[in-house]
Amino acid sequence: QDSSAQDSSAQATERERKLASYLSGIKFVGKFTIDGKEDTVPKTEEYTISKCEKLPQKDMYRMTARIKYGDVDSEVPLDLTILWSGNTPVITLDSFWIPGMGTFGARVLIHGNRYAGTWQHDAVGGHMFGKIVKQQK
């Protein structure tokens, strides 16, 4: 293996460690829209990530998340793909089944202390955006 490949592998490992650390003990606080209902005020959403850890599989992370979505409020471990677009992490869900909630798709990019993206829940979808707030210990 040439040294540039080793360098990029070491960088990726450091980048993955930093991302997992950043995403531990945070809350995504924002709004979401629903396609076809553009004239309504965006609804509030909240996702608390108590812990994020890099899994051995490439691009895979386990997030322990408390999800408040409609009438649902539960904490679940989610094994998610996070891909990189340059220096920007993108949380990526494709037909991702969450027990008791349904099947989801999403692309959510993280930029500094903000997030933005698209979401899909079965036949309903829209946009989502907001701030990433570090939780006090």
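## A walk through the chain, starting at His121

His121 sits in strand 7, and it makes a handy place to step in. Before going further, a word on what you're looking at: this is a predicted model, in which local features need pLDDT of at least 70, side-chain atom pairs count only at pLDDT 80 or more, and totals for chains, interfaces and linings use all residues. Residues are numbered from 1 along each chain as its sequence is written, and side-chain values use heavy atoms, with hydrogens and water left out.

Back to His121, then. With a relative accessibility of 14%, His121 counts as buried; the label buried means under 20% relative accessible area, exposed means over 50%, and partly exposed is anything in between (1.4 Å probe, protein chains only). A polar atom of the His121 side chain lies 2.8 Å from the backbone oxygen of Met101. That falls under the heading of a polar contact, a pair of N or O atoms within 3.5 Å; within protein, one must be able to donate a hydrogen and the other to accept it, and residues adjacent in sequence count only if both atoms are side-chain atoms.

Now zoom out to the whole chain. The chain has 1 helix and 8 strands, and reading from the N terminus they come in the order α-β-β-β-β-β-β-β-β. Both kinds of element are DSSP runs numbered from the N terminus: helices are H or I with at least four residues, strands are E with at least two. Of the 137 residues, 39% count as buried. The exposed surface of the chain comes to about 8500 Å², with carbon and sulfur atoms supplying 53% of it; accessible areas come from the Shrake-Rupley method with a 1.4 Å probe, and for residues only the protein chains shown count as cover. As for contacts, meaning heavy atoms within 4.5 Å, take those in the chain with a separation of 6 or more: 34% of them are between residues 24 or more positions apart.

Strand 7 has more to show, this time with rings. The structure holds 2 aromatic pairs. In the pair of Phe28 and Tyr115, the ring centres are 4.9 Å apart and the planes meet at 65°, so this one is edge-to-face. Phe28 belongs to strand 1 (residues 26–32) and Tyr115 to strand 7 (residues 114–121), so to speak a link between distant parts of the chain, 87 residues apart. Phe28 is buried at 6% relative accessibility, and Tyr115 is buried too, at 2%. Phe32 and Trp119 make an edge-to-face pair as well, at 5.7 Å centre to centre and with 90° between the planes. Here again strand 1 supplies one partner, Phe32, and strand 7 the other, Trp119, with the two positions 87 residues apart. Phe32 and Trp119 are both buried. For the cut-offs: rings of Phe, Tyr and Trp (its six-membered ring) pair if their centres lie within 6.5 Å, and planes under 30 degrees apart count as stacked, over 60 as edge-to-face and the rest as tilted.

Two other rings have a charge for company. The charged end of Arg15 sits over the ring of Trp84, 3.9 Å from its centre, while Lys54 lies over the face of Tyr61, 5.4 Å from the ring centre. The test here is NZ of Lys or CZ of Arg within 6 Å of the ring centre and within 35 degrees of the ring normal.

What about charges that meet each other? The structure holds 6 salt bridges, each a side-chain nitrogen of Lys or Arg within 4 Å of a carboxyl oxygen of Asp or Glu. One of them joins Lys27 to Glu46, with the closest N and O atoms 3.5 Å apart. Lys27 is in strand 1 and Glu46 in strand 2 (residues 43–54), so the bridge ties together parts 19 residues apart in sequence. Lys27 is buried at 19% relative accessibility, whereas Glu46 is partly exposed at 23%. Another salt bridge pairs Arg66 with Asp73 at 2.8 Å between the closest N and O atoms; Arg66 is partly exposed at 37%, and Asp73 is partly exposed at 41%.

Finally, stay with strand 2, where Ile49 is found. Ile49 is buried, with a relative accessible area of 4%. Leaving aside neighbours within four places in sequence, Ile49 touches several residues, including Leu23, Ile26, Phe28 and Met63.
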